[in-house]
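Let's walk through this model together, one region at a time. Keep the viewer open as you read.

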Amino acid sequence: MKEWTREERYRALQNPEEIRGLHERIKTSAYRQTYHVQPVTGLSSDPNGFALHQGKWHLCYQWCPWGAVHGLKYWYHVTSPDLLHWTNEGIGLAPDRDYDNKGAHSGSAISVGDALYFYYTGNHRDENWVRTPWTCAAVLNAEGRLEKLDAPLFGPRADHSEHQRDPKVVWNAEQQRYYIFLGAQTLDKRGCVLVYESAQPLSGWRFAGELKVPGYEAFGGMWECPYITRIGGKDLLIFSPQYTTLPGRGNSTNHNVYLLGTMDYEALTFTPDGPYRFLDYGFDFYAAQGAANVGDPEKAILIAWIGLPDNHYPTEAEDWEGSMSLPRELRVVGGRLVQTPIQGVERLRTAELADDGRLPAACELEIAVPAGDFDLALFARADGTGGLTLHYDAASRVCTVDRRAMAKRFNQAVFEVLDVPLETPLRKLRVFIDRSSTEFFFNDGEAAFTTHSYPEADEHRFNHSPAEVKLWTLETSVRDDFVV
Ligand code: FRU
């Protein structure tokens, strides 16, 4: 693993030509994705500024140009007409002001009339590396570029730690106000959310208070990337608690959880209906964000970073890492969150193949699982051994996903085997495989499991216990273009 100096990680990109060669080299990797958004070079992490505006989807991702390392972060901008085909637009936000001199960190967007507003964290550090996080804004200009405001909207509060970031903006019609939910940490290192309010999107912001979440006063050390929305008559709060382990998640200290409940904007209280749940049971899923302005009160559209902070992935050696997940739809059915692959994803199918054991590098599998136990091995070798395995135990209704038998192993000390507890028997599996990721959807959206997967040349077969399997190859819908 390469050791990076702070100077190397925090070097500003002066000219796109500095990384053209890097992109040309990375482009030849066997692990470049074909229908998932991925970094043009270097590292992509959190999704940012996700919104539908005037018929076009805007998405940015946290981007460090130089390699698979968390250093100076940019927002890299992509757009899409349909959430399936994405165009690289180039840098969205560069850390080029004093108030964001050490990174344009995560945030969100909201479309209001003709305007698309972006909110992000300006990560300022002084010469002693002391951090001041500023909440900043930008607007989409006539050329389709993000244009920063001259000054931040507000600075950090002294009664919380330096961890105050990732503004999620929402409009609340009842209160006739915009709200910003900011991920934060108390001085005694407990994770929380700070709430700000304003009648105007770009001015007049005032601190409203710390969000009260009964039962979650001491849950993790920092709540990164909060997201809140109302769907199907329920409020949904998603966040990424870190600096803690949670039952069922191995040694990982980074998680992505959700609460369904009721948000009271007057009392600044989110009252959960029940316990927290994992948004995704997989190894690599973090910082999930929903799109703004979806325009349907029954659903949210969510995307996440396939990857985790503090983890290391095999493509690090190739100077890139990370990918966005497939966008997914969230609904609340019978008081439960239901997650399904984005509507219309079937349009990516190019050909239906026979279930003959050959597994294309980018494909979709739909499996009708008969009653009883079930086994599936993806990326198995020619003799049927190895691979990424899934075992369903009908008696306990638990699926166990195990990546230990793959040639390329990674993050072994964090976790390599995880369980997905199901509430109803396994009947159906939808699996989306790209060149370095695998996403499983269980039953009709009861649970999801996302993992990076890096098969070697001889790991392109699959096998399963008796079941009806449909298999399609998928279109390359994300071009690996050099646009910076
Ligand atoms: C989450 C996070 C955010 C922060 C960003 C910096 O992965 O740590 O809290 O804004 O990444 O890249």
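Is Lys-168 buried or exposed? Lys-168 counts as buried, at 3% relative accessibility; here buried means under 20% relative accessible area, exposed over 50%, and partly exposed in between, with a 1.4 Å probe and protein chains only. Before going further, a word on the ground rules: this is a predicted model, in which local features need pLDDT of at least 70 and side-chain atom pairs count only at pLDDT 80 or more, while totals for chains, interfaces and linings use all residues. Residues are numbered from 1 along each chain as its sequence is written, and side-chain values use heavy atoms, with hydrogens and water left out.

Back to Lys-168, which is found in strand S9. Strands (E, at least two residues) and helices (H or I, at least four) are DSSP runs, numbered from the N terminus. In space, the C-alpha of Lys-168 is 7.6 Å from that of Cys-225, although 57 residues separate the two in sequence.

Asp-166 is found in S9 as well. Asp-166 is buried too, with a relative accessible area of 5%. Its phi is near 70°, a positive value in a residue other than glycine. That deserves a second look, because most residues other than glycine have a negative phi.

Asp-166 also leads us to the ligand. The residues that surround the ligand are Asp-46, Gln-62, Lys-73, His-105, Ser-106, Arg-165, Asp-166, Glu-224, Tyr-286 and Trp-305, where a residue is taken as near if one of its heavy atoms lies within 4 Å. By class, this shell has five charged, three polar and two nonpolar residues. In this scheme Asp, Glu, Lys and Arg count as charged; Ala, Val, Leu, Ile, Met, Phe, Trp, Tyr, Cys and Pro count as nonpolar; and the others, Gly among them, count as polar. Strand S5 (104–112) and strand S9 (160–172) each supply at least two residues of the shell.

Now zoom in on the oxygen atoms of the ligand. An N or O atom in the side chain of Asp-166 is 2.5 Å from one ligand oxygen atom. For Gln-62, the distance from a side-chain N or O atom to an oxygen atom of the ligand is 2.6 Å. A polar side-chain atom of Asp-46 lies 2.8 Å from a ligand oxygen atom. Taken alone, the ligand exposes 320 Å², and the protein buries 90% of that; these areas come from the Shrake-Rupley method with a 1.4 Å probe.

Let's return to S9 and follow its sheet. Four strands form an open sheet in the order S9-S10-S11-S12, with antiparallel pairing; two strands pair if DSSP finds at least two bridges between them. S9 and strand S12 (206–210) are the edge strands, each pairing on one side only. From one strand to the next, the twist averages 25°, with axes fitted as lines to C-alpha atoms and angles running from 0 to 180 degrees between N-to-C directions. Eight bridges join S9 to strand S10 (residues 177–186), and Val-170 stands opposite Tyr-179 in S10.

Next, look at strands S6 to S8. S6 and S7 run antiparallel and are joined by nine bridges, with Arg-125 opposite Arg-131 in S7. They form a hairpin with five residues between them, and Trp-129 in the turn has a positive phi of about 65°. S7 goes on to pair with strand S8 (residues 146–148) in the antiparallel sense over three bridges. That second hairpin also has five residues between its strands, and Gly-144 in the turn has a positive phi of about 80°. Seven of the ten residues of S7 are buried, so S7 is largely enclosed by the rest of the structure.

Another open sheet has five strands in the order S28-S27-S26-S25-S32, again with antiparallel pairing. Its edge strands are strand S28 (417–421) and strand S32 (461–464), and its twist averages 15° from one strand to the next. Within it, six bridges join strand S26 (residues 387–393) to strand S27 (residues 398–405), where Asp-393 stands opposite Val-398.

Our last stop is Gln-33, in the loop between helix H2 (20–26) and strand S1 (42–53). Gln-33 counts as buried, at 3% relative accessibility. Its side chain makes polar contacts with the side chains of Ser-323 (3.0 Å) and Ser-437 (3.1 Å). A polar contact is a pair of N or O atoms within 3.5 Å; within protein, one must be able to donate a hydrogen and the other to accept it, and residues adjacent in sequence count only if both atoms are side-chain atoms.
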